[in-house]
Amino acid sequence: MTVPPPPLLADGGQPRQPRERIERRAIAWWMLRSLLIWGALLAALLVPALLWEPLRVWLIAPLIAAGIVLLAKLAVEPWWRFAVHRWEVTEHATTAASGWLVREWRVSPSSRIQTVDAVRGPLEQLFGLATLRVTTASSAGAVTIAGLDRATAERAVARLAVVAELTEGDAT
Amino acid sequence: MIPQAAPGAATETPESTESTQHAEPVEGTGWRRLSPRVIWVDAALSALAVLPAVIAVRCFGVAPTLTNLWPFLAVIGLGVVAGITDLIRWRFTRFRVTAQEVERQTGLIVRRHRRVPRDRIRSVDTSAKLRHRLAGLRVVTLGAGQQTTSGEEALALDALSRAEAVRLRALLLGERRADPGGVPVSRPAPVPDRTGAAPRPPTVTGEAEELVFARFRPAWVFYNCFTIWGYLMAAGLLWGSHWFASSFGVDLFSLILGGLRAERLGWIPTVLLILVGAGLLGALALAAHFLVTNWGFTLSRLGSGAQSTLRTSRGLLTKREVNRDEARTRGLSLTEPLLWRWIGMTDTHLITTGLSLNDPAQPAAILPRGPKRVAVAVAERVLGEPSPFEVPLPRHPNAALLRRIWWATGLTAGLLAALAAPVLSGALPVWALWIALGVWPLGLGAAALAYRALGHAISGRYLVVRSGLMNRSTVALQREAISTLAIRRSLLQRWLGLSSVTAMTAAGWFVYEATDVSHAEAFALAERAAPGLLAGHGAAHDRAGR
């Protein structure tokens with residue numbers, strides 16, 4: 001925080017990429033998560049299709065669709081997300097770029113921060129990862145940064161807590 | 001059954017307190033009771049509950065057996081139980097206004113002690129049902145801008161005498177009005193007005209500067225009686241009257257059906273007749289409902305500058321008054337349903353923090369559903385000139401239309417693909433595919449309509465965005481109220497060179513979006529929508545702007 005960061009908008013009105021990248025371990029985390037969710041769905045479709053003949057014809061299209069989604073979630077999404085996701089916490093704002101098919105670039109100024117959390121789900125704990133959640137007064141306006149190292153997330157939380165304390169007002 | 005000692009209640013209630021006919025100061029402590037007229041009203045209601053049974057037996061000669069009279073007995077039972085509950089509630093409820101807080105204790109078995117800091121109170125609303133109005137009572141509800149999801153008012157006092165309600169509102173709102181920033185400032189304790197003498201000065205000024213923006217017009221009825229809910233209303237009415245008539249020994253349904261059968265109209269005319277009849281009945285019921293709830297509607301501003309409130313009051317039998325703190329206002333939205341756009345039907349909602357949009361009482365609606373011209377005029381007076389609803393909203397790029405066409409086509413293709421296997425194997429007839437194909441032109445029409453609804457502009461303090469297919473809503477959102485900005489692009493949007501700019505705020509629906517602007521413009525729009533937020537010194541700009 002010694003050198004002030006360059007403004008988020010470069011000349012010409014295009015945004016600068018946030019500076020930090022996320023952990024490579026997040027790829028494995030996303031893969032495991034997709035396998036559990038979409039694998040379970042695929043199994044839930046597959047079992048009745050195998051057991052009950054008349055239902056089979058109705059389940060072909062959903063089965064193919066679920067299979068394609070699972071493949072994409074395993075082979076494409078994690079790598080793509082890893083390439084896209086970026087984040088940055090400065091004393092002025094928290095910025096995050098995320099997504100794969102739908103990409104999002106989100107910024108929330110420090111003056112509007114209300115709570116800062118580091119969340120660690122069971123799978124994330126397995127990989128030593130944490131998700132940083134910076135919420136504003138708007139219930140829709142949270143900036144979520146997934147796939148951070150646990151220690152990095154804790155540091156960011158501590159820093160944001162200091163920054164948010166410095167800014168006055170009720171942040172609505 | 002021993003009432004718990006309320007946490008932090010420094011004072012005790014002396015027991016012998018029944019004194020004047022209104023407003024009950026419990027001597028020496030500032031604690032007050034609700035109006036004792038509450039009890040008389042409930043006693044009268046219990047007596048009224050007996051009336052239907054008496055009429056049924058006396059005038060209609062219904063035999064007084066248990067089978068015939070159980071509905072009436074249930075009504076009597078409910079009336080008496082309600083009366084007793086209210087008596088207990090009155091006996092065990094007390095409240096007081098201290099320098100910092102409003103406190104209320106209530107409940108016999110479960111004692112509740114609630115305290116609301118006075119500087120958090122954002123609204124003081126009064127309402128009165130017919131029985132309250134007859135007895136000169138008002139229900140006072142304090143709103144403290146709690147999370148809109150909790151769906152609970154801060155504190156309700158049911159009920160006070162009218163004079164007491166006016167005094168309480170003046171005390172609480174007048175107090176806040178004198179307090180510019182909403183920041184808690186320690187000041188000498190204001191003495192709650194116990195004597196019932198002249199109201200405090202802030203009331204006088206506060207009540208005097210009433211500026212009326214809109215008044216009820218009977219023509220608005222036509223905007224409120226043709227909705228699909230009319231059929232539900234008609235069904236409810238028919239069922240209710242059937243039930244009612246059957247307890248007098250009349251079978252309404254077989255009467256109507258017998259009448260229809262006698263006409264020998266054939267199937268289709270009969271169904272049409274029932275539909276039209278029920279529709280008319282529903283429309284009439286909705287019209288009556290609208291008149292009863294909105295009669296005497298007025299929208300007015302009290303006070304001026306940053307410390308003003310927007311007040312609506314309406315109702316023929318139940319009078320509802322809602323006061324909205326304008327310091328909490330973040331904008332305004334006008335919503336036009338697709339089917340009635342040709343007559344300019346418009347809903348007007350305030351975008352404000354602390355008022356729920358899901359509340360069935362619609363506290364954020366500052367006008368009943370009515371003509372657009374009135375809504376726009378009111379918007380101009382509420383938001384000030386120049387009205388953000390008057391600015392022209394340029395068309396979005398053609399790529400936005402293309403995106404909608406792609407979606408309509410893609411959805412049709414997906415539907416066809418999903419039906420392909422069942423049709424090929426003979427599980428579904430071939431015409432199912434034609435129906436699926438029929439979705440396509442509908443989708444294309446919807447695409448064109450949705451595209452034409454798009455628009456965005458920046459007008460003075462406001463970001464204006466418009467979108468929506470079935471309900472086209474035009475939103476003017478204060479630019480300094482934006483707390484988070486997001487720019488989103490799907491794969492298709494990237495390919496077409498489009499972006500969606502989303503502004504998030506603490507008020508209203510929380511998310512307002514300029515959908516499908518050209519990507520080259522997106523970040524510039526975001527920067528102009530929330531000045532300084534992207535430039536990296538959002539904090540400084542933002543504070544200076546308030």
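**Two sheets, a helix crossing and some local backbone features**

In chain B, 7 strands make up an open sheet, ordered β8-β7-β6-β12-β11-β10-β9 and paired antiparallel. Strands (E, at least two residues) and helices (H or I, at least four) are DSSP runs numbered from the N terminus, and two strands pair if DSSP finds at least two bridges between them. This is a predicted model, in which local features need pLDDT of at least 70 and side-chain atom pairs count only at pLDDT 80 or more, while totals for chains, interfaces and linings use all residues. Residues are numbered from 1 along each chain as its sequence is written, and chains are lettered from A and ligands numbered from 1 in the order in which they are written.

The edges of the 7-stranded sheet are β8 (155–161) and β9 (210–215) of chain B; each has a single partner strand, so one side of each lacks a neighbour in the sheet. Direction ignored, neighbouring strands are turned by 20° against each other on average; the angles are taken between axes, which are lines fitted to C-alpha atoms, for helices over the stretch in contact, and run from 0 to 180 degrees between N-to-C directions. At one edge, β9(B) pairs antiparallel with strand β10 (residues 298–302) of chain B over 5 bridges. Within that pairing, Leu211(B) has Arg301(B) of β10(B) as its bridge partner. At the other edge, strand β8 of chain B contains Ala159(B), and the peptide bond leading from Asp158(B) to Ala159(B) is cis, with omega near 5°.

A second open sheet in chain B has 6 strands in the order β15-β14-β13-β18-β17-β16, again with antiparallel pairing. Its edge strands are β15 (365–371) and β16 (455–459) of chain B, each with a single partner strand, so each has one side without a neighbour in the sheet. From one strand to the next, the twist averages 15°. Strand β17 (residues 462–467) of chain B runs antiparallel to β16(B), and 5 bridges join them. Ser459(B) has Tyr462(B) in β17(B) as its bridge partner.

Chain B also holds a helix crossing: the axes of α7 (residues 229–246) and α9 (residues 267–294) come within 7 Å and cross at roughly 95°. α7(B) is therefore roughly perpendicular to α9(B), a term for angles of 65 to 115 degrees. Residues count as in contact if their C-beta atoms, placed from the backbone, lie within 7 Å. The contact includes Trp229(B) and Leu237(B) of α7(B), and Ala278(B) and Leu286(B) of α9(B).

Most residues other than glycine have a negative phi, and most peptide bonds are trans. Phe510(B), not a glycine, has a positive phi of about 75°; Phe510(B) sits in the loop between β20 (498–505) and β21 (511–518) of chain B.

Methods:
Angles under 35 degrees count as roughly parallel, over 145 as roughly antiparallel, 65 to 115 as roughly perpendicular and the rest as oblique. Two residues are in contact if their C-beta atoms, placed from the backbone, lie within 7 Å.
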